[in-house]
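Work through the exercises below with the sequence and the model at hand. Each task is followed by a solution in steps.

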Amino acid sequence: MKKVAIFGSSRTDPESGLYGAVEKMGKDFASHGWVVVTGGGPGTMEAANKGASSIDINLSEAEAIYLPFEEKVNEYVHEYTKHDDFFTRLDTFSRCDAFIVSPGGIGTLLEMAMIYQLVQVNHIEKKPIICVGRMWRTLKNWLEDEMLDNGFLNNDEMELIHYVDRFSEATCLLRGLLNDQ
């Protein structure tokens with residue numbers, strides 16, 4: 001089965017529109033037979049796992065990490081692995097078939113940057129990386145202004161990441177990208 005990693009913040013409020021949109025996206029992926037993989041925590045991760053488990057609990061997995069303030073995996077996860085460090089966790093995430101990056105903090109940025117770099121240097125095969133939301137377009141602008149303009153990235157490397165505004169666009173884009181392969 002294909003696996004999609006969904007990266008995002010543990011601080012996403014369950015009452016927010018972001019939580020609802022990610023939950024819907026997780027359900028959409030699961031309804032198309034995808035296993036949804038998250039970090040297993042609260043917030044965005046819980047929303048994605050909740051959406052996937054509403055279709056089939058077996059379509060909701062987690063690559064969790066031991067954190068003193070996040071002891072348990074959210075209740076919507078079917079199967080999980082607890083990692084002692086970020087390195088093994090990110091290595092396991094890199095085996096997913098696609099990556100959706102929702103708004104988040106430093107941990108989300110770390111996950112996105114690690115996958116981006118692994119694809120950039122061909123340590124893993126080219127896989128869809130889709131960033132959703134305004135905050136990632138701001139990062140794209142910075143990458144263009146600072147890294148592309150100064151020769152630290154080239155145009156082909158800039159195209160390794162796709163940027164969309166809505167989660168519904170991310171699911172449609174991912175389906176289209178996979179149909180082109």
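The exercises cover helix packing first and single residues afterwards.

The model is predicted, with local features requiring pLDDT of at least 70 and side-chain atom pairs pLDDT 80 or more, while totals for chains, interfaces and linings use all residues. Residues are numbered from 1 along each chain as its sequence is written, and side-chain values use heavy atoms, without hydrogens and water.

**Exercise 1. Describe how helix 1 and helix 2 cross, and list the residues in contact.**

Step 1. Two packed helices are described by the angle between their axes and the distance between the axes. Helices are DSSP runs of H or I with at least four residues, strands are runs of E with at least two, and both are numbered from the N terminus. Axes are lines fitted to C-alpha atoms, for helices over the stretch in contact, and angles run from 0 to 180 degrees between N-to-C directions.

Step 2. For helix 1 (residues 17-31) and helix 2 (residues 44-53), the axes come within 6 Å and cross at roughly 40°. Helix 1 is therefore oblique to helix 2; under 35 degrees counts as roughly parallel, over 145 as roughly antiparallel, 65 to 115 as roughly perpendicular, and the rest as oblique.

Step 3. The crossing of these two helices is right-handed (the near helix is turned clockwise from the far one by less than a right angle; anticlockwise would be left-handed).

Step 4. Contact means heavy atoms within 4.5 Å. Helix 1 contributes Leu 18, Tyr 19, Val 22, Glu 23, Gly 26, Lys 27 and Ala 30, which meet Thr 44, Glu 46, Ala 47, Ala 48, Lys 50, Gly 51 and Ala 52 of helix 2. By class, the residues of this contact are seven nonpolar, three polar and four charged (Ala, Val, Leu, Ile, Met, Phe, Trp, Tyr, Cys and Pro count as nonpolar, Asp, Glu, Lys and Arg as charged, and the others, Gly among them, as polar).

**Exercise 2. Give the same description for helix 3 with helix 4.**

Step 1. The axes of helix 3 (residues 86-93) and helix 4 come within 10 Å, with a crossing angle of roughly 55°. Helix 3 is thus oblique to helix 4.

Step 2. The crossing is right-handed.

Step 3. Phe 86, Arg 89, Leu 90 and Phe 93 of helix 3 meet Leu 110, Glu 111 and Met 114 of helix 4. This contact has five nonpolar, no polar and two charged residues.

**Exercise 3. Describe the contact of helix 4 with helix 5, then place Met 112 and Leu 109 of helix 4 in their surroundings.**

Step 1. The axes of helix 4 and helix 5 (residues 134-148) come within 13 Å and cross at roughly 50°; the two helices are therefore oblique to each other. Their crossing is right-handed.

Step 2. From helix 4, Thr 108, Leu 109, Met 112 and Tyr 116 take part, and from helix 5, Trp 136, Leu 139 and Leu 143. The residues in this contact divide into six nonpolar, one polar and no charged.

Step 3. Met 112, in helix 4 (residues 106-120), is buried, because its relative accessible area is 4% (buried is under 20%, exposed over 50%, partly exposed in between, with a 1.4 Å probe and protein chains only). Apart from neighbours within four places in sequence, Met 112 is in contact with Phe 7, Val 101, Cys 131, Trp 136, Leu 139 and Ile 161.

Step 4. Leu 109 is partly exposed, with 35% relative accessibility. Leaving aside neighbours within four places in sequence, Leu 109 is in contact with Trp 136 and Leu 139.

**Exercise 4. Is Ser 60 buried or exposed, and which backbone oxygen lies 2.8 Å from its side chain?**

Step 1. Ser 60 is found in strand 3 (residues 60-65) and counts as buried because its relative accessibility is 0%.

Step 2. A polar atom of the Ser 60 side chain lies 2.8 Å from the backbone oxygen of Tyr 76.

Step 3. Not counting residues up to four places away in sequence, Ser 60 touches Val 36, Asn 49, Ala 52, Ser 53, Tyr 76, Val 77, His 78 and Glu 79.

**Exercise 5. Where is Asn 122 found, and what is its phi?**

Step 1. Asn 122 is found in the loop between helix 4 and strand 6 (129-132).

Step 2. Its phi is near 60°, a positive value in a residue other than glycine.

Step 3. Asn 122 is exposed, because its relative accessible area is 66%.

Definitions and conventions:
A polar contact is a pair of N or O atoms within 3.5 Å; within protein, one must be able to donate a hydrogen and the other to accept it, and residues adjacent in sequence count only if both atoms are side-chain atoms.
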